[in-house]
Each structure stands twice: as C-alpha cells, then as structure tokens.
Amino acid sequence: MTANRAAMNHEDEEEAKRKAAILDTGAIWLAPFFQDGNFKCIRRIMFFADRGLTWAPQAARDPDVFVNEAQRAKDKRAKAKAARDAKKEEEGTTAPKKSKKKAAAKAVKKRAVKKTSKKAAKRRRPLRRRKPQKGRRRRARSEGDG
C-alpha cells in the first residue's frame, strides 16, 4: 500500500497486515456456489451453461404451427356460418327483403334530409367582419365635436 493511500484512509502498515490476516484463505466462502438450490449456484450454472442448450437449436426442432393455418381459418368461418344459420332458424323465418320501391323512397328521403342539414349548417356559420376600405379611416372625435 502506498503512503499516500494509507494516509488518505488513515491506515498504517500494521493495521493493513491485521486486516489481511482476517481474510479467509480456505474454501468456505465457495460453498454457496455449489449448494443445490442456492441463488449463487444457479447463477454459476447459468453463467457457465453449455451454449448448445440454448433455445435456438430447440426451436428448429419444434413443429411448424402455421402449417394448417388456412384450413383452420376456413373451419372457423364455416362454424360461425353454421351458428348464424341455426340462430336464424331458431328465430323463425329469415328477414324479408325490401322492395325496390321502398328502397328508392328511402334514398330520396335521405337526400332531402341531407340537403336541409347542409342549409342549416350554412346558416349557423358566423358572419365575417368586413375589412375597412383603404383610404377611409375613422376620424377620432375630439372633445369639441358633439
């Protein structure tokens, strides 16, 4: 230990030798690293694990999960359609189709409502203020003007 460091830490040579004698030179401090179930043991095993046991080689041997994806989607749609059809049968008859005349009348009514709502929206717009014309300025009233 250098003299400066010893002076900085307020230590002398004898105190440093005494501290060194306290350190354990045996293998007791290593025991937790080899006890099963101990955190330090698990960390040691993980750190020095075999590189061949990673997930990448294992994943290459797994079966492809997307092989029959199109067939599964088709089956799911068919099942949903069967459920809809069963529900319609349970309710009774299917909903009657609208006649062309009713559909045309409804379309005309929609257009009329849309047109009136546009007119109402135009009326609700705030009016713009007119900009003063150039050359025409308001004259400030003086106290003498009435």
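The following exchange concerns a predicted model and asks how some of its descriptions are reached.

Reader: What makes up the fold of the chain, in helices and strands?

Author: The chain has six helices and zero strands, and when it is read along the sequence the pattern is α-α-α-α-α-α.

Reader: How do you know where confidence is lowest and where it is highest in the chain?

Author: The mean for helix H1 (residues 3-8) is 64, the lowest, whereas helix H5 (residues 69-91) has the highest, at 94. For the chain, the mean pLDDT is 76, with 73% of the residues at 70 or more. Where pLDDT is low, the predicted coordinates should not be read in detail.

Reader: Why is Leu30 called partly exposed?

Author: Leu30 has a relative accessibility of 32%, and because partly exposed covers what lies between under 20% for buried and over 50% for exposed, Leu30 counts as partly exposed. Leu30 is placed in the loop between helix H2 (13-22) and helix H3 (39-47), and together with Trp29 and Phe34 it makes a nonpolar surface patch of about 340 Å².

Reader: Why does Arg123 count as exposed?

Author: The relative accessibility of Arg123 is 67%, and exposed means over 50%, so Arg123 counts as exposed. The place of Arg123 is in helix H6 (residues 100-124).

Reader: What makes the surface patch that includes Arg123 a positive one?

Author: The patch is formed by Lys114, Lys115, Lys118, Lys119, Lys122 and Arg123, and because Lys and Arg count as positive, the patch is called positive.

Reader: How much of the chain is buried, and how much area does the chain expose?

Author: Buried residues, meaning those under 20% relative accessible area, make up 3% of the 146 residues in the chain. The chain exposes about 15900 Å², of which carbon and sulfur atoms supply 56%.

Notes:
Residues numbered from 1 in each chain as written. Predicted model: local features only at pLDDT ≥ 70, side-chain atom pairs only at ≥ 80, totals over all residues. Heavy atoms only, no water. Patch = residues over 30% accessible without salt bridge, like charges linked within 9 Å, V, L, I, M, F, W, Y side chains within 5 Å. Areas by Shrake-Rupley, 256 points an atom, 1.4 Å probe, with all protein chains shown as cover. Salt bridge = Lys/Arg side-chain N within 4 Å of Asp/Glu carboxyl O. Helix = DSSP H or I, 4+ residues; strand = E, 2+ residues; numbered from the N terminus. Buried < 20%, exposed > 50% of the residue type's maximum accessible area, 1.4 Å probe, protein only. Charge placed at Lys NZ, Arg CZ, Asp CG, Glu CD. pLDDT = per-residue confidence, 0-100.
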